[in-house]
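This report goes through one protein chain, from its surface and overall make-up to a few individual residues. Please keep the sequence and the coordinates at hand.

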Amino acid sequence: MSMNHRPSRADGFGLGLIATGAVSIAVAALVAVIKGAFEVFGAAVTVRMPVSGEAVSALAGVDGIRSADYSHADVTFSSLSAGARWMLLLEGALPALATIGVCAVAWWLGVSLIRGRPFRGTMSTTIGITACLVTAGGLFGQLSGAVGRAMITDSLASDDPAIYDTFAAFSMDLDLAPIGWGFALALIAMAFATGTRMQRDTEGLV
């Protein structure tokens, strides 16, 4: 005998709203990936390139500013190698796919709560896989972008080695937030695994 506790009408409305929002965000992330693909493989590609710190002359002498320099420049290229384009696409696509995975879990959890059956046997496994996707997608997305920019710099330097004085050979602004989100999701997965065992034990006593 199972013990299903369905939420109230107000809770059901809130859960439905959250599930719908998760689907909407997933669709938006997918659209962003497609849009990014068209931009990266277009005739002209604008890439934010890491540059050697140069002074911002327009801010020189302004009261309250001791110094100012820029570390990135938006550069529009008329041609790029296929490898660099793919790396730049992965930079945005991998985190977006991880976002889609998180939204899918949120939708599934919302539906499960509406049905009064949140502790499904595969829920913890699914959340654990999503934790890995979030961590890998975030870190490998950043690495792909750095590799793509390095490929662009190497290609330009093959014709003019002095380009290394302007563009960094390799630069990666590491963001560790995906690791934190991955650990948080892994903890939630463990909580659901414990809840599933407790629900199974409770049902066995009824």
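## Surface and burial

How much area does the chain expose, and what share of it do carbon and sulfur atoms supply? The exposed area is about 12500 Å², and 66% of it comes from carbon and sulfur atoms. These values belong to a predicted model.

The chain has 206 residues, and 30% of them are buried. Taking contacts between residues at least 6 apart in sequence, 77% join residues at least 24 apart.

## Confidence

Mean pLDDT over the chain is 83, and 88% of the residues score at least 70. Confidence is highest in α3, with a mean of 91, and lowest in α4, with a mean of 78.

## Secondary structure

Four helices and two strands are present in the chain. Read from the N terminus, their order is α-β-β-α-α-α.

Helix α2 covers residues 82-114, which is 33 residues. At 1.5 Å a residue, α2 should span 48 Å, and its end C-alpha atoms are 47 Å apart, so the two values agree. There is nevertheless a kink in α2 of about 30°, with its centre at Leu-90.

## Gln-142 in helix α3

Gln-142 belongs to helix α3, residues 123-159. Is Gln-142 buried or exposed? Its relative accessible area is 16%, and the limit for a buried residue is under 20%, so Gln-142 counts as buried.

Setting aside residues up to four places away in sequence, Gln-142 touches Met-172, Asp-173, Leu-174, Asp-175 and Pro-178. For one of these residues, Asp-175, a polar approach can be given: its backbone nitrogen is 2.6 Å from a polar atom of the Gln-142 side chain.

## Leu-174 in the loop

Leu-174 is in the loop between α3 and α4, the latter being residues 177-205. Its relative accessible area is 53%; exposed means over 50%, so Leu-174 is classed as exposed.

Which residues does Leu-174 contact, leaving aside neighbours within four places in sequence? They are Leu-139 and Gln-142. Gly-138 is 36 residues from Leu-174 along the chain, and the C-alpha atoms of these two residues are separated by 9.8 Å.

The contact between Gln-142 and Leu-174 thus pairs a residue of helix α3 with a residue of the loop between α3 and α4. Gln-142 is buried, whereas Leu-174 is exposed.

Key. Residues are numbered from 1 along each chain as its sequence is written. This is a predicted model: local features need pLDDT of at least 70, side-chain atom pairs count only at pLDDT 80 or more; totals for chains, interfaces and linings use all residues. Side-chain values use heavy atoms; hydrogens and water are left out. Buried means under 20% relative accessible area, exposed over 50%, partly exposed in between (1.4 Å probe, protein chains only). A polar contact is a pair of N or O atoms within 3.5 Å; within protein, one must be able to donate a hydrogen and the other to accept it, and residues adjacent in sequence count only if both atoms are side-chain atoms. Contact means heavy atoms within 4.5 Å. Accessible areas come from the Shrake-Rupley method with a 1.4 Å probe; for residues, only the protein chains shown count as cover. The expected span of a helix is 1.5 Å times one less than its number of residues. The bend at a residue is the angle between axes fitted to the seven residues ending there and the seven starting there. pLDDT is the predictor's confidence in each residue, from 0 to 100.
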